[in-house]
Amino acid sequence: MTNFLEETEIVNYSNPEIQKLAMSLSMGCKTDIEIAKNCFEYVRDNINHSGDYKDDNTTCKASDVLKYKTGWCYAKSHLLTALLRANEIPTGFCYQRLSCSEYKKDIYCLHGLNAIYLKDYGWYRVDARGNKEGVNAQFNPPVEKLAFELEENEFDLPKIYEKPLDLIVQTLEKYKTYDEMINNFPDIESETDNNL
């Protein structure tokens with residue numbers, strides 16, 4: 001489990017602003033479930049989803065996501081991981097391959113979300129991308145209520161990752177505007193893609 005508590009360059013939870021927020025979100029909480037719910041709802045509701053807001057500031061590092069209050073799903077998962085790990089709750093990264101035709105016709109891309117290790121339930125997946133019409137992700141363990149239901153040609157990557165995929169980090173660091181991102185979304189062909 002210690003690997004799912006590690007600080008990294010992307011999940012930089014010793015950043016003072018992340019520490020301050022992580023502490024305030026855990027104040028008065030008696031269980032890891034309460035802390036996890038507060039952290040999840042904060043990221044879901046207070047950080048803009050760059051795609052929904054057509055934001056030209058592409059963030060990656062957890063501290064930047066918090067500073068600029070914006071991020072694609074992947075970046076939002078980086079901040080949620082940082083807040084939870086700062087509270088000593090093991091957290092990993094999960095991905096789905098989904099249709100991204102709301103941005104561009106006939107394309108697929110990876111979608112980033114999290115798995116949180118809760119003492120009473122084990123691994124529990126949450127999706128903090130941000131709700132909107134047709135998207136209603138919730139925190140209600142052990143019931144999963146993710147942002148999207150899988151449809152034809154869509155799938156879950158079966159693994160829980162300790163770190164964000166290199167492909168995700170490279171994309172977020174390389175492409176900075178909304179238009180660049182929607183033309184270069186990270187994608188894989190199959191669940192057993194060798195680049196993962």
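This text walks through a predicted model, beginning with its sheet and ending with some backbone angles.

Strands of a sheet pair through backbone hydrogen bonds, either parallel or antiparallel. In this model, an open sheet of 4 strands has antiparallel pairing, and its strands come in the order β5-β4-β3-β8. Because β5, residues 122-126, and β8 each have a single partner strand, they stand at the edges, and one side of each is left without a neighbour in the sheet.

Consider β3 next, which covers residues 91-99. To one side of β3 runs β4, made up of residues 108-118, and 9 bridges join the two strands in the antiparallel sense. Two positions help to trace this pairing on the structure. Thr91 of β3 stands opposite Ile116 in β4, and Leu98 stands opposite Cys109 in β4. The other partner of β3 is β8, which consists of residues 155-156 and is joined to β3 by 2 bridges, again antiparallel. Here Gln96 has Asp156 in β8 as its bridge partner.

From β4 the path continues to β5. These two strands pair in the antiparallel sense over 5 bridges, and they form a hairpin with 3 residues between them. Ile116, already met opposite Thr91, has a bridge partner in β5 as well, namely Tyr124. Following Thr91 to Ile116 and then Ile116 to Tyr124 therefore leads from β3 through β4 to β5, in keeping with the strand order, in which β5 stands at an edge.

How many residues of β3 and β4 are buried? In β3, 8 of the 9 residues are buried, so that strand is mostly covered. Strand β4 is also mostly covered, with 9 of its 11 residues buried.

One residue of β4 deserves a closer look, and that is Asn114. Is Asn114 buried or exposed? Its relative accessibility is 1%, and because buried means under 20%, Asn114 counts as buried. The side chain of Asn114 has polar partners. A polar atom of this side chain lies 3.2 Å from the backbone oxygen of Ser77. The side chain of Asn114 also makes a polar contact with the side chain of Thr81, at 2.9 Å. Leaving aside neighbours within four places in sequence, the residues in contact with Asn114 include Ser77, Leu80 and Thr81, as well as Thr91, Gly92, Phe93 and Cys94. Tyr124, Arg125 and Val126 are also among the contacts of Asn114.

The next topic is the aromatic rings. A pair of aromatic rings is described by the distance of the centres and the angle of the planes. The whole structure holds 10 aromatic pairs. One of them joins Trp72 and Tyr178, with 6.1 Å from centre to centre and 15° between the planes, and this pair is stacked. Trp72 lies in the loop between β2 (70-71) and α5 (73-86), while Tyr178 belongs to helix α7, residues 178-182. The two residues are 106 residues apart, and the pair links distant parts of the chain. Both Trp72 and Tyr178 are buried. Ring pairs also tie them into a cluster with Tyr103 and Phe185.

The largest pocket has a volume of about 300 Å³. It is lined by 19 residues, and those closest to its centre are Leu98, Ser99, Cys100, Glu102 and Phe148. Elements that give two or more residues to this lining are α5, β3 and β4. Which of the elements gives the most to the lining of the largest pocket? It is β4, with 3 residues.

Last come the backbone angles. Most residues other than glycine have a negative phi, and most peptide bonds are trans. Three places in this model depart from that pattern. The peptide bond from Pro141 to Pro142 is cis, with omega near 5°, and Pro142 lies in the loop between β6 (138-140) and β7 (143-145). Lys54 is a residue other than glycine, yet its phi is positive, near 50°. Lys54 sits in the loop between α3 (50-53) and α4 (62-68), and it counts as exposed because its relative accessibility is 55%. Lys69 is not a glycine either, and its phi is positive at about 55°. The loop between α4 and β2 holds Lys69, which is partly exposed, with a relative accessible area of 35%.

Note on methods: Residues are numbered from 1 along each chain as its sequence is written. This is a predicted model: local features need pLDDT of at least 70, side-chain atom pairs count only at pLDDT 80 or more; totals for chains, interfaces and linings use all residues. Side-chain values use heavy atoms; hydrogens and water are left out. Buried means under 20% relative accessible area, exposed over 50%, partly exposed in between (1.4 Å probe, protein chains only). Two strands pair if DSSP finds at least two bridges between them. Rings of Phe, Tyr and Trp (its six-membered ring) pair if their centres lie within 6.5 Å; planes under 30 degrees apart count as stacked, over 60 as edge-to-face and the rest as tilted. A polar contact is a pair of N or O atoms within 3.5 Å; within protein, one must be able to donate a hydrogen and the other to accept it, and residues adjacent in sequence count only if both atoms are side-chain atoms. Contact means heavy atoms within 4.5 Å. On a 1 Å grid over the protein atoms alone, a cavity is a set of points where a 1.4 Å probe fits but cannot get out, and a pocket is an open set with protein on both sides within 12 Å along at least five of seven lines; lining residues have an atom within 4 Å of a point. Grid points are joined across faces, edges and corners, and a volume is the space filled by probe spheres set on the points.
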